[in-house]
Amino acid sequence: MLRKILAVDDSALIHQMYKLFLSRYKNCKLISAMNGLEALDKLGQEDGIDLILLDINMPVMNGLEFLQRVQKEPAYQAIPVIIISTEGKEEDTIRGLKMGAKGYVKKPFQASELHGLIEKITTAG
Amino acid sequence: MSDFQISPELLNIYLEDARAHVEALDHALLALEREGPDPEVVAGVLGPLHTLKGNSGMMGFAGIKDYVHRLEDVFERIGQGTVTFSGALFDRLFAGASALRDAVEQACRQRAEVRNLAGERAVLDAILRQAPEPAASPAAPALPSPSAPAAAAIRAGQPAAPPVPSASTTAATYVSGGSSMVRVDFGQLDHLLNLVGELIIHRTKLHELGRELAERRGSGPDTLELLSAVHQVASVSTQLQETVMDIRMLPIRHVFERFPRLVRDLARQQGKDIELILEGESTRIDKAIIDEIGEPLVHMIRNSVDHGIETPATRVARGKTPTGTILLSAMQESNHVLITIMDDGGGIDAGAVRRKAVDRGLLKPDETVPDRELVQLIFSQGFSTAESVSDLSGRGVGLDVVLKSIERLNGLVEVETVPGVGTKFIIQLPLTLAIIAALLVEVGGRTYALPLGSIVETLKFRASDVHTINGRETLRIRERIVPLVRLDAFFGLPAPQEAARYAVILGRGDKRVGLVVNRLRGQQEVVIKALDPAVSGIAFALAGATIMGDGRVVLILDVAAFFEGRRQALAHGRAATAPAGQS
Amino acid sequence: MARPPSSRKKAPRKKEDTSRIVLPSSGLAADILALAATDDVEPAPVPGPAAIERRGSALEGEAAPAHNISFFGAPIREERKAVEATEHLATFFLSGEEYGVDVRMVQEIIRVSEITPVPRAPGFIKGVINLRGRIIPVIDLKRKLGLGEVNDAARTSRIVVVKVRERLVGLLVDGASQVLKVPVASVEAAPEEVVEIDANYLRGVAKLENRLIILMDLSKVLALELREGGAGAE
């Protein structure tokens, strides 16, 4: 059951895309954050976040640092993370995967691709 | 090429962001050109470029995405210090930035990539080829300063180390995109303002009812409670109104920001050396005005560069510094904003203006007009004293267009000049377009609203007070002769039963015009609602409309329309019998 | 982005090119990390000139945008299929004839309220009205089409509020009829004798059992008005 998805990205356009791709997907609620720090705030405020979509390159606190902190918290460790990768920054993505992210999708991506990956990750448990 | 549909909403977001990103690129280039290599500037521009790259990819604009990727590479090399700076380099980079902006705008207009950036990409490739690979060395010295995003630090070759928390200095570059701000669609804000406006109308009604009730039933405890509650509603709704109005106000910096680049490009093209000084960028003004004032300002600055500032050689010959200065400043004064564009160029030659004016029949050869008034003629239709029409100023886009744009915003513009010393344009704009104090008048059985700010006085007159001069009805008010416009005739409305007796005297700077109406119906604050372009394009002398408490629509008159006739009168050297028909 | 030279000595792993890490467009951590299993992942070396050209060609070699936002593509295709079967219309009367427009353009149909006339406007612009706080123009459709004039005082007259290209316009008509679906099969080209108005404005006629509905193309009818600034802007 996918109740809440936390999307972390500093681009308003990407958040709009998420809204379009995900708002009718499995009835889930979309929560957005513009950087890692905000995302940590949202984790604290919102109950029951089931998935995190994570951009790496953001101001204030980037994705890898956010991920590092999240992995240290028992409350959040288990939340599956999908890294939103960009061309040219593959090594960041791999680093994130090594830190515990469950998968990644490269920008630009199609809705179906995102859905597919979410499916695989959330059913694998 | 693409067969998918991008929604207008998405396109808007992309475009707005993209514009800001390209702007950041421009600023970074300006800073690097002025100050030399600076890791902070480089770090500051890599972020926007990265986001633009990602966004462009998502929109399916592969060519733009690719180009931005190259730009990122170029800047990274600049940060590593392996790119040699030269005037030619920056010319190429600036050209690239312009091409990028162009490509983005076109892609958004056509909803598909139209502009091919292959040529520009090749230019960047050439730059990268010439910049030697940085010498193999440990990460730190070649890195951008520690304030760079942590990702860069990671990439630099400390695989095992945990990511370094980014210092907060980078945050400063992004503050407006950071977490304390919310992106709001301007249409929503307008809607909010509409709702607030209606709330105020209803609370006024509530207030009236409260008073009536108090009169009828005396001031028992019920009545007092009601009045007290109404008072609360009034107080809160006023605060609400003020807050919403405040949110719409943005610093004029948004408009000013693109001018340094513009001046730089223009100056280089003309072989002139010009410094642009900005002042008062934090002065706030309504977003609706900000959206409209950009273009007129561009024209006026171009004017200063083209016709105002002289070439360095001429300047030196005149005993001036080779570098010319343009000062663009904004300042708030009571309930309006003053924008000044001042240059220390050659000034406007009153003699040339006079010759041209006579030439175009705007002035009779023997007519004497003081120089001060004479120069205002440069705002007349199709007027240009340039010997050659430089296509920098754009053909046919003269100051008359600028004047119209400014008047459409309920603004004024004036020019002052001292030959050989310089020229100063002063634009006066209202703080906001959204709510104005208005005088309601009745004409031909219908109610209209007039912006109070343009009204000098109202008076009652007798038929015998009207003198017809050169076929034009006028009224003598103290020492002045004020031309009259009969609104019912002007609008083609039926003539009133009772003879009209009231004149509303409108003032614009030095000029006066009297509007003849049947009745005066009091003052009120009204929320201006835009008229659909289908109507405003056709209708004459309408600035908008407003909705009364009872739901009635009342049209708001555009004061400028009544002065136009006047200007035409001066221009043609004879009084017009009726306001010059525009349609 | 300098690298210590030693890092370049690693032999290429199978399926991986050390000069550039190639990741498929999406993937699970389990799969990717299995590939990079043995040693620490090599950060990509600084793209030297050679790498740039290679990357250039890699980009050109990429399939022409596989990255379509297909989400948008699909619904439109589906919608088109649905629409092909029937036309969904809102109909109204002008001089006794029944006209139909795409119901998706019609926001609402209201009784004629007080219309504020706009002085010096062309005859077919009746004026403006207050639609819940928005001021919208009202066009007398009969005058616009050259069919005479709508009597706005008549009890049956209505204002059809349409939304075309994000703008709201009110159309004053003699009377409103209904909203209905007509099979596309029943739509034919408008025969000359039936119709008095400019053929340009019509999309055809729908022949039903005992009535004829003339299908109007609103974007054409309102083309002038919808241009930025409207016709005759100064």
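In this predicted model, strand 2 (residues 86-94) of chain C runs antiparallel to strand 9 of chain C, and seven bridges link the two. Within this pairing, C:Ala90 has C:Val179 of strand 9 as its bridge partner. The pair belongs to an open sheet of six strands in chain C, arranged in the order 9-2-3-12-11-10, with mixed pairing. Strand 9 (175-183) and strand 10 (187-188) of chain C lie at the edges of this sheet; each has a single partner strand, so one side of each is left without a neighbour in the sheet.

Chain C as a whole contains 12 strands along with six helices. Among its 234 residues, 28% count as buried. When contacts in chain C between residues at least 6 apart in sequence are considered, 54% of them join residues at least 24 apart.

Chain A comes next. Its secondary structure consists of six helices and five strands. Followed from the N terminus, the elements of chain A appear in the order β-α-β-α-β-α-α-β-α-β-α. This chain has 125 residues, and 54% of them count as buried. Of the contacts in chain A with a separation of 6 or more, 62% come from residues 24 or more positions apart.

A helix of chain A also meets a helix of chain B. The axes of helix 1 (residues 12-22) of chain A and helix 2 (residues 39-58) of chain B cross at roughly 30 degrees and come within 9 Å of each other. On the chain A side, the contact involves A:Leu13, A:Ile14 and A:Met17, while helix 2 of chain B contributes B:Gly54, B:Asn55 and B:Met58. By residue class, this contact holds four nonpolar residues, two polar ones and no charged ones. Some helical geometry is handy background here: an α-helix has 3.6 residues a turn, so residues three or four places apart point the same way.

Chain B has another helix to look at, helix 1, which covers residues 8-35. Its 28 residues reach 40 Å from the first C-alpha to the last, close to the 40 Å expected at 1.5 Å a residue. Just after helix 1 of chain B comes B:Gly36, whose phi is positive, at about 90 degrees.

Strand pairing can be followed in chain B as well, with strand 8 (residues 435-443) as a good place to begin. Strand 8 pairs with strand 16 (residues 519-527) of chain B in the antiparallel sense, over seven bridges. Strand 8 also pairs with strand 9 (residues 446-451) of chain B, again in the antiparallel sense, this time over six bridges. B:Glu442 takes part in both pairings: its bridge partner in strand 16 is B:Arg519, and in strand 9 of chain B it stands opposite B:Thr447. Strands 8 and 9 of chain B form a hairpin, with two residues between them. In the turn of this hairpin, B:Gly444 has a positive phi of about 55 degrees.

Finally, a word on confidence in chain B. The mean pLDDT of this chain is 77, and 81% of its residues reach 70 or more. Residues 387-396 of chain B have a pLDDT below 50, and this stretch makes 10 contacts in the model beyond near neighbours in sequence. Residues 566-583 of chain B likewise have a pLDDT below 50, and here the model shows 33 contacts beyond near neighbours in sequence.

Terms used. Residues numbered from 1 in each chain as written. Chains lettered and ligands numbered in written order. Predicted model: local features only at pLDDT ≥ 70, side-chain atom pairs only at ≥ 80, totals over all residues. Helix = DSSP H or I, 4+ residues; strand = E, 2+ residues; numbered from the N terminus. Expected span 1.5 Å × (residues − 1). Axes fitted to C-alpha atoms, helices over the stretch in contact; angles between N-to-C directions. Contact = placed C-beta atoms within 7 Å. Nonpolar A, V, L, I, M, F, W, Y, C, P; charged D, E, K, R; others polar. pLDDT = per-residue confidence, 0-100. Buried ≥ 20, exposed ≤ 12 C-beta atoms within 10 Å, placed from the backbone. Pairing = 2+ DSSP bridges.
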